[in-house]
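Me: I would like to practise reading features off a structure. Can we take them one at a time?

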Protein chains: 2
Amino acid sequence: MNDKNTTGTEAWNETEETGRIKVAEAGFETPQSREVSKATIARLPLYLRFLQEENSKGKTHIPSEALARSVSVSPVLVRKDLAAVAATPGVPRKGFATVRLIADIEKFLGYDNLSDAIIVGAGGLGKAFLGYEGFKNNGLNIVAAFDCDEKIIGERISDKPVYAMEELESFVQKHMIRIGIIAVPKAAAQSVLDKMVGAGIRAVWNFAPAPLIAPKGVVLKTEDLAASLAILAGELCRVREN
Amino acid sequence: MNDKNTTGTEAWNETEETGRIKVAEAGFETPQSREVSKATIARLPLYLRFLQEENSKGKTHIPSEALARSVSVSPVLVRKDLAAVAATPGVPRKGFATVRLIADIEKFLGYDNLSDAIIVGAGGLGKAFLGYEGFKNNGLNIVAAFDCDEKIIGERISDKPVYAMEELESFVQKHMIRIGIIAVPKAAAQSVLDKMVGAGIRAVWNFAPAPLIAPKGVVLKTEDLAASLAILAGELCRVREN
DNA sequence: ATTTTATCGATAAAAAATTATCAATTTGGC
DNA sequence: GCCAAATTGATAATTTTTTATCGATAAAAT
């Protein structure tokens, strides 16, 4: 009915924001290639964390209610999310098998097959990413950084090499990199994006506070810390007025 | 039989995820203290960026459709968002007055009256935040950092002082800080949160990849970079299969 | 072995968010 | 001053997401 009219009527959602994600056909256990909402996907890593925590405490089963409380949503929603994503069904009177569920979620999120990525910009934010402990277990493997600052080219940051911008294209092509992270000042962001796309990168995670334009077919996600902040600040107001 | 056992009625959404935010009564122009959804609030900063961009190009008016395209969302939704938030009505045949709209949104988001905040953890991520250019104009003013690493205590990072953890409580109380940012390793996060809350902080922005527990009345937002990443990776999959 | 009970999963209902439609309005040109 | 074009804003329709209800089921208790 609606659906990728592309050029016809409406033209919004070009590179982003399709809202639903089709489970790759290659999956095995995954129920039947269902569509899963972004909201659900955003909750998955939160479930995961809690599950890992509980697993390390020796809990073999977790009821949906415990999960629910840890993420501040209703138990029913947890069950619905899991039904859409996990192969393992829950068992009455006990809950979900911790390790199986962890495996299912990690698989769904693609944490099992690491994706290599590069980062451009080895300044403050870039350096932080290169050392961020959270990525190790989350399917993202940053293999190199690129920068135009002569002083740091050739060095290693958190054990990752820093190359000159000129080497980006050949490196990306040689290693078949598909994911790029932008951590440069606002003014340079668009040109970095263009360079990445030209080299063959298909998904870009942008941390520069600038609205970028990506060609069709390239996934661009601009991480908006200001947006998150706004929500936090808003809630703070709400709390303040008791 | 049913759930909602535990304590009394429902217990989920304690510290977060209320979903709607009441506009502070103190507002002047804001239509009539309406409720605005989180989804709307998350779009606001994106509108803002585009508006500032266009404003600097000299455009005095922006139609909802241009805004819509820049954020990849429908024009109707833009108008609905703005109706909920902006005092200035759009003008037929021209669009919304750029500068007025910018002012309205900034005011709504609280970017006009800066909130002071502290950050705990002056390692990689913390350093990045201390220097992040995006905060300057977004209502957040990081005034000091705290760390337990003797080597950096007493120094200045991006012109902000670094203090010892012991000084946190007195500093927070003296300066009446209400917002805290956590940028420490996972293992230390909960204890930092507790310390912050004990000192009087009411809203916490957590960047450690750990599920924390905050007492009721404290707003806790755990920024989940892994979750964002999952969404990006998912979309990449989708794109890959053409 | 039977009963009890906690927990799931499916279905239905409700609420929320987004999109479609269209009359109303204001600008800009004639 | 009048007409046409563009754009808003309000209302209605649709879709999506979340919550509620309840029978089914399997573990634990008796």
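Reply: What follows goes through a predicted model, feature by feature.

Me: How many helices and strands does chain A have?

Reply: Chain A has eight helices and eleven strands. Of its 242 residues, 50% count as buried. Look at contacts with a separation of 6 or more in chain A: residues 24 or more positions apart account for 56% of them. The accessible surface of chain A comes to about 11700 Å². Carbon and sulfur atoms own 52% of that surface.

Me: Now a single helix. Which residues of α6 in chain A are buried?

Reply: Start with the general idea. An α-helix has 3.6 residues a turn, so residues three or four places apart point the same way. Now the case here. Helix α6(A) spans residues 168–175, and its buried residues are Leu168(A), Phe171(A) and Val172(A). Viewed down the helix axis, these buried residues fall within an arc of 95°, so they line one face of α6(A).

Me: What covers the buried residues of α6(A)?

Reply: The cover includes three strands of chain A: β5 (115–120), β6 (140–147) and β8 (160–164). Helix α7 (186–199) of chain A is also part of the cover. Check the residue just after α6(A) too: Met176(A) takes a positive phi of about 50° there.

Me: Where else should I look for positive phi?

Reply: Try two loops, one in each of chains A and B. Asp159(A) has a phi near 70°, positive in a residue other than glycine. Asp159(A) sits in the loop between β7 (156–157) and β8 of chain A. Its relative accessible area is 59%, which makes Asp159(A) exposed. Next, Ser72(B): its phi is positive, about 60°, although Ser72(B) is not a glycine. Ser72(B) is in the loop between α2 (64–71) and α3 (75–85) of chain B.

Me: Is Ser72(B) buried or exposed?

Reply: Buried means under 20% relative accessible area. Ser72(B) has 18%, so Ser72(B) counts as buried.

Me: Let me turn to empty space. What lines the largest cavity?

Reply: The principle comes before the list. Rolling a probe the size of a water molecule over the atoms shows where empty space is left. The structure holds one cavity of 30 Å³ or more. The largest cavity has a volume of about 40 Å³. From chain A, its lining takes Leu125(A), Phe129(A), Phe207(A) and Leu225(A). From chain B come Leu125(B), Phe129(B), Phe207(B) and Leu225(B). Helix α5 (124–131) of chain A and α5 (124–131) of chain B each supply at least two residues of the lining.

Me: How many disulfides are there over all chains?

Reply: The test is a pair of cysteine sulfur atoms within 2.5 Å. The count comes to zero over all chains. As for individual cysteines, Cys148(A) is exposed, with a relative accessible area of 65%. Cys148(B) is exposed as well, at 65% relative accessibility.

Me: Last, single residues. Where does Trp205(A) lie?

Reply: Trp205(A) lies in strand β10 (residues 203–206) of chain A. Its relative accessible area is 1%, so Trp205(A) is buried. Ile179(A) is 26 residues away along the chain, yet its C-alpha atom is 7.8 Å from that of Trp205(A).

Me: And which residues does Glu106(B) contact, leaving aside neighbours within four places in sequence?

Reply: Glu106(B) is in contact with Leu48(B), Gln52(B), Tyr111(B) and Asp112(B), once those neighbours are left aside. Glu106(B) belongs to helix α4 (residues 98–109) of chain B. With a relative accessible area of 23%, Glu106(B) is partly exposed.

How values were computed:
Residues are numbered from 1 along each chain as its sequence is written. Chains are lettered from A and ligands numbered from 1 in the order in which they are written. This is a predicted model: local features need pLDDT of at least 70, side-chain atom pairs count only at pLDDT 80 or more; totals for chains, interfaces and linings use all residues. Side-chain values use heavy atoms; hydrogens and water are left out. Buried means under 20% relative accessible area, exposed over 50%, partly exposed in between (1.4 Å probe, protein chains only). Helices (H or I, at least four residues) and strands (E, at least two) are DSSP runs, numbered from the N terminus. The arc is that of the directions from the helix axis to the C-beta atoms. Contact means heavy atoms within 4.5 Å. Accessible areas come from the Shrake-Rupley method with a 1.4 Å probe; for residues, only the protein chains shown count as cover. On a 1 Å grid over the protein atoms alone, a cavity is a set of points where a 1.4 Å probe fits but cannot get out, and a pocket is an open set with protein on both sides within 12 Å along at least five of seven lines; lining residues have an atom within 4 Å of a point. Grid points are joined across faces, edges and corners, and a volume is the space filled by probe spheres set on the points.
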